[in-house]
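Student: I've got a structure open and I'd like to know how the labels people hang on it are earned. Can we go through them together?

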Amino acid sequence: MEKILVTGGAGFIGSNFVYYMLENHGDVKIVCVDSLSYAGNLVTLEPLLGKENFRFVKADITDREAMYTLFEAEKFDVVVNFAAESHVDRSIDSPEPFLMTNFIGTSVLLDAFRKCGCGRRFHQVSTDEVYGDLPLDRPDLFFTEETPIHTSSPYSTSKASADLLCLAYHRTYGVPVTISRCSNNYGRFQYPEKLIPLMISRALNDEKVPVYGEGLNVRDWLHVLDHCKAIDLIIHEGKNGEIYNIGGHNERANIDVVKTVLAALGKSEDLIEFVTDRPGHDLRYAIDASKLERELGWVPETKFEDGIKETVEWYVNNQKWWKDILSGEYVKMSEELLKKT
Ligand code: NAD
Ligand code: TDX
């Protein structure tokens with residue numbers, strides 16, 4: 001039985017990862033630590049509460065005492081650190097929580113892992129944003145693992161700092177770390193502040209959908225389950241001290257993504273409203289994931305056209321999930337569910 005700590009498992013990718021691991025491995029126990037920040041929603045994990053192979057712990061990864069106690073008690077084989085402040089716009093408004101959770105929180109987890117001396121792997125979930133951006137007129141350029149770190153926002157800087165700390169702990173103390181840097185994810189359970197769920201929720205309410213600048217910035221979209229599958233491979237077959245890029249060669253200009261979403265919903269493009277651009281807005285992300293493909297045999301399975309259709313359908317069929325977030329009701333619901341843990 002492998003015991004895995006998933007931090008940030010009440011958020012978008014972490015929750016998808018928890019379900020993915022429990023569905024694909026019979027011999028795994030998942031302990032999920034999440035502080036239930038505004039981005040954490042225990043309703044997402046409700047079907048798992050009370051199950052033998054799952055435990056939820058409400059705790060903050062910056063809480064050193066809580067983390068040390070948990071690591072001593074649980075003796076995890078693997079740690080997968082998803083917990084983060086993840087929204088670029090919020091980091092521009094208020095950088096400090098990003099530095100606290102993304103950098104200090106990671107350092108606390110690394111210390112807890114070291115002190116406990118029990119784990120086989122510490123996996124840090126990072127992002128392609130640590131590489132900065134690529135020009136729009138050079139479609140031949142991609143981020144590789146050797147691309148220098150060159151961050152733009154407080155968010156990406158906090159993530160890059162955490163990556164460097166993980167590598168330092170590997171070199172200095174021999175902590176068995178791996179790092180993955182993934183492109184933009186889409187799928188179920190994404191908080192409706194991020195581009196795709198925001199567009200869907202607003203369009204379904206016949207509200208304007210805000211597109212920054214002229215909508216020409218390019219993102220490289222990957223279905224969340226392809227990300228989960230890559231992390232599963234890396235924690236089991238990846239090499240200590242290595243960085244792996246994850247991306248599916250799915251580059252799209254934002255305006256095209258928004259039009260695709262509106263078309264899937266049968267909504268008019270008249271809903272599009274061009275608004276003031278994000279300060280420091282990265283132009284283009286594009287990942288070269290050939291190392292992961294070559295060394296670990298990873299291939300993305302979901303084509304964007306299929307994945308986006310399925311994702312739009314999920315938000316259409318699960319309106320209560322995101323409407324409870326927009327109304328704030330999910331906070332009370334999460335508190336009620338906490339009593340079951
Ligand atoms: P999210 O915001 O949906 O979820 C983050 C989760 O972390 C939430 O449940 C939140 O409650 C929890 N959390 C925040 N601060 C915490 C703290 N101090 N202690 C414990 N828990 C805390 O984010 P996401 O989109 O699921 O991203 C997960 C990870 O993947 C992040 O590390 C992010 O940098 C990375 N990533 C995201 C994307 C993407 O497209 N969303 C792409 C590449 C990498
Ligand atoms: O209302 C919007 N209008 C708009 O045009 C929003 C919220 C976004 N955008 C643009 C900005 C970006 O170019 O859409 C693009 C995607 O924006 P976000 O969903 O905020 O994602 P991004 O900034 O690209 O970062 C995401 O991918 C990398 C995640 O939020 C990060 O956590 C991850 O590391």
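Tutor: Sure, here is a short round of labels and the values behind them.

Tutor: Keep in mind that this is a predicted model. Its secondary structure comes to 12 helices and 12 strands.

Student: What makes the protein as compact as a globular protein of that length?

Tutor: Its radius of gyration is 19 Å, and the globule rule gives 20 Å for 341 residues. Those values are close, so the label holds. Along the principal axes, the C-alpha atoms fill a box of roughly 55 × 45 × 35 Å.

Student: Why is Asn250 called buried?

Tutor: The relative accessible area of Asn250 is 11%, and buried means under 20%. Since 11% meets that cut-off, Asn250 counts as buried.

Student: Where is Asn250 found, and what does Asn250 touch?

Tutor: Asn250 is in the loop between β10 (243-246) and β11 (251-253). Leaving aside residues up to four places away in sequence, Asn250 touches Arg219, Asp220, Trp221 and Phe304.

Student: How many of the 341 residues are buried, as a percentage?

Tutor: Buried residues make up 54% of them. As for the surface, the protein exposes about 14,300 Å², with carbon and sulfur atoms supplying 50% of that.

Student: What percentage of contacts between residues at least 6 apart in sequence join residues at least 24 apart?

Tutor: That's 82%.

Student: And how many positive and negative side chains are there?

Tutor: There are 37 positive and 53 negative ones, and the centres of the two sets lie 4 Å apart.

Technical notes. Residues are numbered from 1 along each chain as its sequence is written. Chains are lettered from A and ligands numbered from 1 in the order in which they are written. This is a predicted model: local features need pLDDT of at least 70, side-chain atom pairs count only at pLDDT 80 or more; totals for chains, interfaces and linings use all residues. Side-chain values use heavy atoms; hydrogens and water are left out. Helices (H or I, at least four residues) and strands (E, at least two) are DSSP runs, numbered from the N terminus. The radius of gyration is taken over C-alpha atoms; the globule rule is 2.2 Å times the number of residues to the power 0.38. Buried means under 20% relative accessible area, exposed over 50%, partly exposed in between (1.4 Å probe, protein chains only). Contact means heavy atoms within 4.5 Å. Accessible areas come from the Shrake-Rupley method with a 1.4 Å probe; for residues, only the protein chains shown count as cover. Lys and Arg count as positive and Asp and Glu as negative; His and the chain ends are not counted. The place of a charge is taken as NZ of Lys, CZ of Arg, CG of Asp or CD of Glu.
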